[in-house]
Amino acid sequence: MTALAIPVFTGVVVLVLYSAIFFRRRAGEPLYDGPPVYGGARLQLTWIVVSFVLVLVLALLGITTLVSSQAAQAVGASGRAIGSGSETGSPIKETNNELQVQVIAQQWYFTYRFPDYGGVETTHLELPVGVPVEFHVTSLDIIHSWWAYELGVKADANPGVDNQFHATPQRTGSFTVRCAELCGIWHGEMADTEGRVVSGSDFNSWIKQQQATFAEIGKSLPSYAPSYFPEPLTKGT
Ligand SMILES: [Cu+2]
């Protein structure tokens, strides 16, 4: 698209500069417009045809990229939202052998619960490489949006809603996690967290360590549920 846009942009800029320099009003010339110009049918036709073809090519480029199921994989992860349908290939599995990760948003941070590991709640996210993950994105208070673009996942986090997404991290490394929904005065604070994709054995030792670290706090957590509702009456007390 850049390659197609550069000649058009250059042409416009050159014509504007050329006109400004060579056709500008000189001292003593009248202030009113010159006489209208007619004709130039060939120029007009060329102009219309070139614009038409350019726009058509750009639209086709955009549409084929959008339809292509490879688009998300280009960033190193295969992500797919439930509801985007089975046209992307793999249908939604009923028997679930994916790693379950619940993303809990609240003002103003994300926490993560792992129902496969006793519902332990962690303050950071690590994922094992090559393992399919089923994300369950929800919120405790207001609307947030969990955005981990390297994983191809961006999901609304709404109280009382279990928003499900699938992704399989393809290589180890860190990824950015952001809140993509203006959610109050410290919304910006939710733009500064980082997740990590690690080897299977590193993940196992990490999750064990998290279970040990958060065991005491875990006792006062509500038991794991697909979603949670705000509790305005008890909030702040
Ligand atoms: Cu937020």
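**Exercise 1.** Which residue in E10 is the bridge partner of tryptophan 146?

*Solution.* This is a predicted model: local features need pLDDT of at least 70, side-chain atom pairs count only at pLDDT 80 or more, and totals for chains, interfaces and linings use all residues. Residues are numbered from 1 along each chain as its sequence is written. Strands (E, at least two residues) and helices (H or I, at least four) are DSSP runs, numbered from the N terminus. Two strands pair if DSSP finds at least two bridges between them. Strand E7 (residues 144–148) pairs with strand E10 (residues 173–179) in the antiparallel sense over 2 bridges. The partner of tryptophan 146 in E10 is cysteine 179.

**Exercise 2.** Find the edges of the open sheet that holds E7 and E10.

*Solution.* The order of its 5 strands is E5-E11-E10-E7-E8, with mixed pairing. Strand E5 (126–128) and strand E8 (153–157) each have a single partner strand, so they stand at the edges, with one side of each lacking a neighbour in the sheet.

**Exercise 3.** Describe the connection from E2 to E3.

*Solution.* Strand E2 (residues 99–106) and strand E3 (residues 109–114) run antiparallel and are joined by 5 bridges. One of the bridge pairs is isoleucine 104 with threonine 111 in E3. The connection is a hairpin through 2 residues. Tryptophan 108 sits in this loop, and a cis peptide bond with omega about 0° links glutamine 107 to tryptophan 108.

**Exercise 4.** Which strand pairs with E2 in the parallel sense?

*Solution.* Strand E6 (residues 133–139) does, over 7 bridges. Valine 101 has phenylalanine 135 as its bridge partner in E6.
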